[in-house]
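Please open the structure in your viewer and keep the selection tool at hand. This tour proceeds by short steps, each with something to select.

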Amino acid sequence: MRKLLVILLLAVSFNNFAQPLPTTKILFFPVTYSPNYNIFMLSEPLNLTSFHGYNNQPSFHANGSLVDYVSIREDKQADIYRYDFKAHQTQRITNTTTYKEYSPRWSADEKSFTVVRVEPDDSTQYLWRYNADGTPAQQLSKANPVGYYTPFNKNYFGLFVLNKKGGDLYILDSKGRVRKVDENIGRCLLPIHNKETDTTFYYVSKKPYPDSNYHIMQCTPRGKIRQVGIFPKGIEDFCIGPNGMLCFGYEHKLYALPIGDGKIHALTEAYFIADFSTKPWANFYRLSYYEEKPGAGYFSVVVYEGEKP
């Protein structure tokens, strides 16, 4: 698995953990597709998470052989776990009794990873860097409470900072400065990949637009924002898939939305990938994708039981 395209940043409103946690699992789908994207073929999925309970926020390593994710097990502690595709084994990476860690993202050199760390009061949430062995290294910002994030432009981060109504968008720059750039955004933030670095990122704006849809936005390090697409209202989870298209779930189906051609595309112009409505994994709400080679890659989806979290 040679090229990591996208890792979906998955998270929950951590300070609401007094509520029952959803039961979720992470499924892994090999996929092939035609050059014109009219045909997608998904193989039967592999369940990466044998533990029955809360499993979420998968983050693939650059070579595709490992995936880290969050699991809350018998000790009620949110920690980072790792699944090894070659060994078919799961390993616990963090084992903290005071703090909770979410949303792991590995650095390109594999020497460290970042997380959202929840403090003992269960409401303070900071962005942290951890050493590869799972020990804390450095708090990266005083922004609080951080719910979700994405690294971009080398040493920058886009932050979803929680408020009473949802979340606002902040940018953390390479000098540790934080500034607010937008309001009422979705939880998914993803870097836009190019040949050298992820210089900008996508997110969803949930403002009450006249068309009653959610708008897909692109943000630069300086906070310059422009609309690049449209999602149906209620859709805020997506991943960057083949040819840079935005893949998302809607009514138990998986789609790919063209983007980056200067036009504003919507659901009616999206490519159909798969219908999960009759499958045991019909209830999915978060995805990620990485590409092994042109025409072939892998989807990861988080499947939930009962009501959508």
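Begin by selecting Asp-79 and Arg-92, which form a salt bridge in this predicted model. The closest N and O atoms of the two are 2.5 Å apart. Distant parts of the chain are linked by this pair: Asp-79 belongs to strand β6 (residues 78-84), while Arg-92 belongs to strand β7 (residues 89-92), 13 residues apart. Is each partner buried or partly exposed? Asp-79 is buried, with a relative accessible area of 0%, whereas Arg-92 is partly exposed at 30%. Buried here means under 20% relative accessible area.

Add Asp-75 to the selection. Together, Asp-75, Asp-79 and Arg-92 are linked in a network of salt bridges.

Next, select Asp-122 and Lys-100. These residues form a salt bridge as well, with their closest N and O atoms 2.7 Å apart. Asp-122 is found in the loop between β9 (112-118) and β10, and Lys-100 is found in strand β8, 22 residues apart. In this pair Asp-122 is partly exposed, with a relative accessible area of 32%, and Lys-100 is buried, with a value of 14%.

Move on to Asp-168 and Lys-180. The closest N and O atoms of this salt bridge are 3.4 Å apart. Asp-168 lies in strand β14 (residues 167-172) and Lys-180 in strand β15 (residues 178-182), so the salt bridge ties together parts that are twelve residues apart in sequence. Asp-168 counts as buried at 10% relative accessibility, but Lys-180 is partly exposed at 39%.

How many salt bridges are there by this rule? The count comes to eleven, and the pairs visited above are among them.

Now turn to the strands, and select β8, β9, β10 and β11. They form an open sheet of four strands in the order β8-β9-β10-β11, with antiparallel pairing. Which strands stand at the edges? They are β8 (100-106) and β11 (136-139); each has a single partner strand, so one side of each is left without a neighbour in the sheet. Rotate the view to look along the sheet: direction ignored, neighbouring strands are turned by 35° against each other on average. In general, the strands of a sheet pair through backbone hydrogen bonds.

Finally, restrict the selection to β10 (residues 125-131) and β11. These two strands run antiparallel and are joined by three bridges. Which residue stands opposite Arg-129? Select Gln-138 in β11 to find this partner.

Methods: Residues are numbered from 1 along each chain as its sequence is written. This is a predicted model: local features need pLDDT of at least 70, side-chain atom pairs count only at pLDDT 80 or more; totals for chains, interfaces and linings use all residues. Side-chain values use heavy atoms; hydrogens and water are left out. Two strands pair if DSSP finds at least two bridges between them. Axes are lines fitted to C-alpha atoms, for helices over the stretch in contact, and angles run from 0 to 180 degrees between N-to-C directions. A salt bridge is a side-chain nitrogen of Lys or Arg within 4 Å of a carboxyl oxygen of Asp or Glu. Buried means under 20% relative accessible area, exposed over 50%, partly exposed in between (1.4 Å probe, protein chains only).
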